[in-house]
Amino acid sequence: MLSLHTARQRPTPSTPRIGLAVAGGGPIGGMYELGALRALDEAIDGLDLTRLDSYVGVSSGAFLAAGLANRMDTAEMCRIFITGDSDDVQFRPETFLRPAFFEYMRRAAGAPRLAMEWWRDLIFSRGDSRWSDAINRFGGLVPTGLFDSTEIERFLRDVFSRRGRSNDFRELAAPLYVVAVELDSGKVVRFGGEGWDDVPISRAVQASAALPGLYAPVEVRGKHFVDGALRRTMHASLLLERGVDLLIGVNPLVPFDSSNARSTPEGIDQRLSEGGLPVVLSQTFRTLLQSRMQVGLQRYANTYPNIDQLVFEPNSDDGELFFTNVFSFAARRRVCELAFRNTLDDLRKRADDLRQVLEAHGLSLREDVLADPARSILDGLPKQPRATETTARLRRALDEVDHFIAARR
């Protein structure tokens, strides 16, 4: 589903500034976004997602935004996460799903003390609320997250420290913002922005992806941070405030319309309540995120009327995507393929509206790609020449020179 806002009065700069905003959505949401971005990469001529004006990423979207800002194109990320034949990075799903044993033990260690305090208060104090107080008292024993994100940070630190890439916001060619929320104040922090650009990118992404309940809050400078989506869905305003000419956004989570569903698990039909608490919570969370984003997009259209905005989302009737476990990597190839085809379909259906918008920014649709409805995400994936650290750095340097010469021309 494509949301399109066209500028009322479009400037004609010599070099249009394009910004990319990538929302969160757990592991599966990230895979959906990768498929959508790969489709844009293939179907829009002139669009280089690794050389945009600026990037903002939230939660799982921060992984992709940080990779693109580091010149890792969508083809390379597909090799890492989908086909597994990258000669650079070896992705292991278990790295992202390591149980937080230290957190479990730390919380459990406080059980004897809390139990003694509760029994003491129960015996020597009086009050009608003492039994209900036990819930709050023992709530401190519940771990703040099921999984440990330490290995995620280590994985990203390794990826961004090789082959000419950087783990330092200040060394990137284009501004990158990774958004997280400070737990103790509820305030938004923009890693990569003023005052926070010295935090390693890997640490910032770890903090932004710390979804409460899934991962424990991440400590940075003595403060604890959680998922940046708690305040806004995409934080696209960071790029609009920079004065980009074209905003491209990807949001992987939308509420499910069961009345028009294409496929649902047996026994659920149109009654999502039959799916139990996980399905109800998923629908609630998706509805909150999308409604908040729609309000934001409407406000952006009024506040920034001269900026073209393209936002890509899944179709609301896609039961296959909705009922896929959002925290599982097992279905990543299928979800990535689904996103790829959905995005191409959106471009195909809105081609007449898009041509003029894209042309204003030096872009165009590749008709041969759109003309193939059976096209797979693997069809246009080029073979990667094997490289060592030295040859990879040399190739990157030559690419920079070629780009510089082409820009001068």
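# Salt bridges, burial and cysteines

Q: Why is Arg-366 called partly exposed in this predicted model?
A: Arg-366 has a relative accessible area of 27%. Buried would need a value under 20% and exposed one over 50%, so Arg-366 falls in between and counts as partly exposed.

Q: How do you know that Asp-45 and Arg-366 form a salt bridge?
A: Look at their closest N and O atoms, which are 3.1 Å apart. The cut-off is within 4 Å, so this pair qualifies. The two residues come from distant parts of the chain: Asp-45 sits in strand β3 (residues 44–45), while Arg-366 is in the loop between β14 (364–365) and α14 (367–370), 321 residues apart.

Q: What makes Asp-45 partly exposed?
A: Its relative accessible area is 38%. That value lies between 20% and 50%, so Asp-45 is neither buried nor exposed.

Q: Why does the pair of Asp-88 and Arg-165 count as a salt bridge?
A: Here the closest N and O atoms are 2.7 Å apart, and the rule asks for within 4 Å, so the pair passes. Asp-88 lies in the loop between α3 (74–83) and β5 (98–99), and Arg-165 lies in the loop between α7 (150–159) and β7 (176–182), so the bridge ties together parts that are 77 residues apart in sequence. Both Asp-88 and Arg-165 are buried. They also belong to a network of salt bridges that links Asp-88, Asp-158, Arg-162, Arg-163 and Arg-165.

Q: What makes Asp-353 and Arg-350 a salt bridge, and are these residues buried or exposed?
A: The closest N and O atoms of Asp-353 and Arg-350 are 3.1 Å apart, which is within 4 Å, so the pair is a salt bridge. As for burial, the answer is neither: Asp-353 has 41% relative accessibility and Arg-350 has 26%, so each is partly exposed. In total, the structure holds 23 salt bridges.

Q: Why is there no disulfide between Cys-78 and Cys-336?
A: The sulfur of Cys-78 is 4.9 Å from that of Cys-336, its closest cysteine sulfur. A disulfide needs the sulfur atoms within 2.5 Å, so the two are too far apart for a bond. From the other side, Cys-336 is in no disulfide, with the sulfur of Cys-78 as its nearest at 4.9 Å. By this rule the structure has zero disulfides.

Q: How do you know that Cys-78 and Cys-336 are buried?
A: Cys-78 has 2% relative accessibility and Cys-336 has 0%. Both values are under 20%, so both cysteines count as buried.

Key:
Residues are numbered from 1 along each chain as its sequence is written. This is a predicted model: local features need pLDDT of at least 70, side-chain atom pairs count only at pLDDT 80 or more; totals for chains, interfaces and linings use all residues. Side-chain values use heavy atoms; hydrogens and water are left out. A salt bridge is a side-chain nitrogen of Lys or Arg within 4 Å of a carboxyl oxygen of Asp or Glu. Helices (H or I, at least four residues) and strands (E, at least two) are DSSP runs, numbered from the N terminus. Buried means under 20% relative accessible area, exposed over 50%, partly exposed in between (1.4 Å probe, protein chains only).
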